[in-house]
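Me: I have a structure on my screen and little idea how to read it. Could you take me through some features, one at a time?

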Amino acid sequence: MSARLLDGVALARRLQQDLGPRVAAFTTRHGRPPGLGIVLVGDDPASQVYVRNKVRTGQEVGFRVDLERLPATATLDEVLAVVARLNASDAHDGILVQSPLPASMGHDAEQRVFDAITVQKDVDGFSPASVGLLSQNRAAIAAGTPSGVIELLLAEGIEMAGRHAVVVGRSDIVGKPMALLLLHRNATVTICHSRTRDLPAICRQADILVAAVGRPGLVTADWVKPGATVVDVGINRVTDPEVAAALFPEGHPRLAVFRDKGSVLVGDVHPNVADVAGALTPVPGGVGPLTIAMLMRNTLTAALVRAGEPVA
Ligand code: NDP
């Protein structure tokens, strides 16, 4: 069997195109575009790329996007002051603080910053109030990556109700909200993590298997029920030739990419899963592009909710 590939790039483009006219209509009605404030602290190269993409996509859909940059030496109080200003701003409907914050700010800095973002503007869905609303199935906004997975499953006509969904990973930003969103779609959900016993056997029970772990190629073909839908959230940069060789057979085009560039982006799902799964998200080009698209949708949703308008 060769799995059907679930195209996140095309869906992200469609979602973005759908937003354009709705954003323009909001701007006409309110005399201002929806506003997104993005806070970037320090010089982490990956964060700079993510933020650049978020700024560009936001501007493309017609938002006002303000990037607030702070040096790596900034204090937690300085970050909290920027968040407080954005919370109070009438021009900003959404606030996003790019993770990770510099380690020098302390281990609980990120949580304290997320705690400070007002729930109505929490377009990442990471604040405790947002998580509480999600848990009660009352959230207008949920974390972008798992929301993107749900959009993809819906767009591809993959039934969730009554199916067994196994989520590997229990982080606050992917695994847990993913499990809740699948539960709210009436899936029967199992959450696995690093202490789970006999992970392959549990994964083999899944009709829908979501891998959000951060280990290249962890999920192999023998973990997957034939015909299952496999969603690969992982994004891992492989630089070790042995790992690359274990993932891709000689002659595979991705191995050529690795040899050419010295690294290759892979998911948590081994490429041999494509022989067993019914449907599979590729990496790159699966879940990744949907995260930003959902962030944009969340920002419009936040603007509509703040304006007391229907979200649909
Ligand atoms: P975290 O490191 O926060 O969480 C990883 C989870 O995987 C933890 O719950 C951990 O368990 C579990 N885990 C680790 N090793 C194993 C193992 N051997 N067996 C079973 N479970 C294991 O990662 P994130 O949730 O933030 O991200 C996961 C992946 O998704 C990463 O590759 C990340 O880059 C990617 N990602 C992709 C996004 C996208 O846009 N597509 C967005 C966000 C993340 P425990 O809790 O017991 O430690």
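**Reading a fold, step by step**

Reply: Start with one residue. Ser-130 sits in helix α5. Keep in mind that this is a predicted model.

Me: Is Ser-130 buried or exposed?

Reply: Look at relative accessible area; under 20% means buried. Ser-130 has 5%, so Ser-130 is buried.

Me: Which side chain makes a polar contact with the side chain of Ser-130?

Reply: For a polar contact, look for a pair of N or O atoms within 3.5 Å. Here the partner is the side chain of Asp-122, at 2.5 Å. Now set aside sequence neighbours within four places. Ser-130 is then in contact with Val-119, Asp-122, Gly-125 and Ala-139.

Me: Next, a whole helix. Which residues of α7 are buried?

Reply: Helix α7 spans residues 175-184. Its buried residues are Gly-175, Pro-177, Met-178, Ala-179, Leu-181 and Leu-182.

Me: What covers the buried residues of α7?

Reply: Ask which elements touch them. The cover includes two helices, α5 (128-135) and α6 (144-155). It also includes the strands β5 (164-168), β6 (188-192) and β7 (208-211). Just past the helix, look at the backbone too. Asn-186 has a positive phi of about 70 degrees there.

Me: Now the strands. What is their order in the open sheet of six?

Reply: Read across the sheet, not along the chain. The order is β1-β11-β8-β7-β5-β6, and the pairing is parallel. The edges are β1 (4-5) and β6, each of which pairs on one side only.

Me: How many bridges join β5 and β6?

Reply: Five, in the parallel sense. For a landmark, find Val-168; Cys-192 in β6 stands opposite.

Me: Where is Val-210, and what is in contact with this residue?

Reply: Val-210 belongs to strand β7. Its relative accessible area is 0%, so Val-210 is buried. Skip the neighbours within four places in sequence. The contacts are then Val-166, Val-167, Val-168, Met-178, Leu-182, Val-231 and Val-233. Met-178 and Leu-182 are among the buried residues of α7.

Me: How far apart are Val-210 and Asp-268 in sequence and in space?

Reply: Compare two scales: steps along the chain and distance between C-alpha atoms. This pair is 58 residues apart in sequence and 9.5 Å apart in space. Try another pair. The C-alpha atoms of Ala-302 and Val-123 are separated by 7.1 Å, with their positions 179 residues apart along the chain.

Me: Where is Ala-302 placed?

Reply: In helix α11, residues 288-306. Ala-302 is at 1% relative accessibility, so Ala-302 counts as buried. Beyond four places in sequence, Ala-302 touches Asp-93, Gln-120, Val-123 and Ile-141.

Me: Last, the ligand. How many residues surround the ligand, and which are the closest?

Reply: Begin with the shell. It holds 21 residues, and the closest are Arg-170, Ser-171, Ser-194, Ile-235 and Thr-291. Then sort the shell by class: nine nonpolar, 10 polar and two charged.

Me: Which polar atoms of the protein should I find around the ligand's oxygen and nitrogen atoms?

Reply: Check three distances. A polar side-chain atom of Ser-194 is 2.5 Å from a ligand oxygen. The side chain of Thr-291 has an N or O atom 2.7 Å from an oxygen of the ligand. A polar backbone atom of Val-233 is 3.4 Å from a ligand nitrogen. Finish with area. Taken alone, the ligand exposes 920 Å², and the protein buries 71% of that.

Terms used: Residues are numbered from 1 along each chain as its sequence is written. This is a predicted model: local features need pLDDT of at least 70, side-chain atom pairs count only at pLDDT 80 or more; totals for chains, interfaces and linings use all residues. Side-chain values use heavy atoms; hydrogens and water are left out. A residue is near a molecule or strand if one of its heavy atoms lies within 4 Å of it. A polar contact is a pair of N or O atoms within 3.5 Å; within protein, one must be able to donate a hydrogen and the other to accept it, and residues adjacent in sequence count only if both atoms are side-chain atoms. Accessible areas come from the Shrake-Rupley method with a 1.4 Å probe; for residues, only the protein chains shown count as cover. Ala, Val, Leu, Ile, Met, Phe, Trp, Tyr, Cys and Pro count as nonpolar, Asp, Glu, Lys and Arg as charged, and the others, Gly among them, as polar. Buried means under 20% relative accessible area, exposed over 50%, partly exposed in between (1.4 Å probe, protein chains only). Helices (H or I, at least four residues) and strands (E, at least two) are DSSP runs, numbered from the N terminus. Contact means heavy atoms within 4.5 Å. Two strands pair if DSSP finds at least two bridges between them.
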